[in-house]
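I opened this model to look up its overall fold, its ligand shell and one valine. My notes follow the structure.

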Amino acid sequence: MPATYVIAGGSRGIGLELVRLLEPVAGRIDVWSRNPDDLRVGGPIRHVPCDFSDAAAALPELPEVIHGAVYCPGTITLRSFRSLQPADFRQDLEINLLGAVRFLQACQPRLKGHDDGPASVILFSTVAVGQGMPMHASVSSAKGAIEGLTRALAAEWAPHVRVNAIAPALTDTPLAARLLSSPEKRDAMAARYPLKRIGTPLDVAALARFLLSAESGWITGQVLGVDGGMSALRT
Ligand SMILES: NC(=O)c1ccc[n+]([C@@H]2O[C@H](COP(=O)([O-])OP(=O)(O)OC[C@H]3O[C@@H](n4cnc5c(N)ncnc54)[C@H](OP(=O)(O)O)[C@@H]3O)[C@@H](O)[C@H]2O)c1
């Protein structure tokens, strides 16, 4: 039986690329976001309007059975600690952490194994949690919480559900557009990486597809970097 996926934030960037990879093999893919953006609805794909920044709003209906759940919404708030207000930290926590918490609490009763393996959940961190980077205090705090949540839930939900996080470095998506707005900025960013380029949505979505598949069936509680070598290498 083809699998059912719910991808929060699958209308752009990494999430959209993942939807494209899953489309040929999925039975159903529900994509939650505020707007459909570049999503092509039809076949297994449906768009479900949802805004995680409204904590009081009820979440949409979920499919009865979910084999894979992915939470993509996130932020890149790059400001000095001095200029950050408590409200900025709250906003980053709301989208990155508390949205994921509400999403997973809704999904939990419906997560079911598939292909003789456990269900799979994927969250998103950032390379800037494992490596201290200036201007990242707010977003790194929120994504650090995601890494803790990943390990705690992986323990609590084993053996029926696997939970992993992906920690990308700079990836060419709408979220990163401001950092990549000229050829000079792109070249300067690419030069920072041992592999001398920035990431593509496919670089990251390919790992997400693997983590949703039975081929990754013995991997849980991990935070996996997709970062051109940035987190591990000094070249
Ligand atoms: N791109 C990078 O360089 C990079 C680096 C490190 C980590 N990451 C992490 O990787 C993940 C995916 O990033 P991305 O670059 O693909 O992001 P993106 O291009 O901004 O796409 C985000 C997706 O989430 C949805 N979304 C955003 N806010 C939402 C909200 N309040 N309610 C519901 N849906 C919302 C967006 O659709 P709508 O706006 O229509 O709602 C869109 O589908 C994020 O968690 C990000 O923090 C990215």
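I checked the radius of gyration, taken over C-alpha atoms. The chain has 17 Å, which agrees with the value near 18 Å for a compact globule of 235 residues. The globule rule is 2.2 Å times the number of residues to the power 0.38. I note that this is a predicted model: local features need pLDDT of at least 70, side-chain atom pairs count only at pLDDT 80 or more, and totals for chains, interfaces and linings use all residues. Residues are numbered from 1 along each chain as its sequence is written.

I looked up the spans of the C-alpha trace: about 45 × 40 × 35 Å along its principal axes. I found six helices and seven strands in the chain. These are DSSP runs, numbered from the N terminus: helices are H or I with at least four residues, strands are E with at least two.

Next, the ligand. I found 28 residues around the ligand, and Gly9, Gly13, Arg34, Gly74 and Leu175 come nearest. A residue is near if its C-beta atom, placed from the backbone, lies within 6 Å. Helix α1 (residues 13–22) gives the most to this shell, with three residues.

Then I turned to Val161, in strand β6 (residues 161–168). Why does Val161 count as buried? Because Val161 has 22 C-beta neighbours inside 10 Å. The cut-offs are 20 or more other C-beta atoms within 10 Å for buried, 12 or fewer for exposed, and partly exposed in between, with C-beta atoms placed from the backbone. Of the 235 residues of the chain, 41% count as buried.
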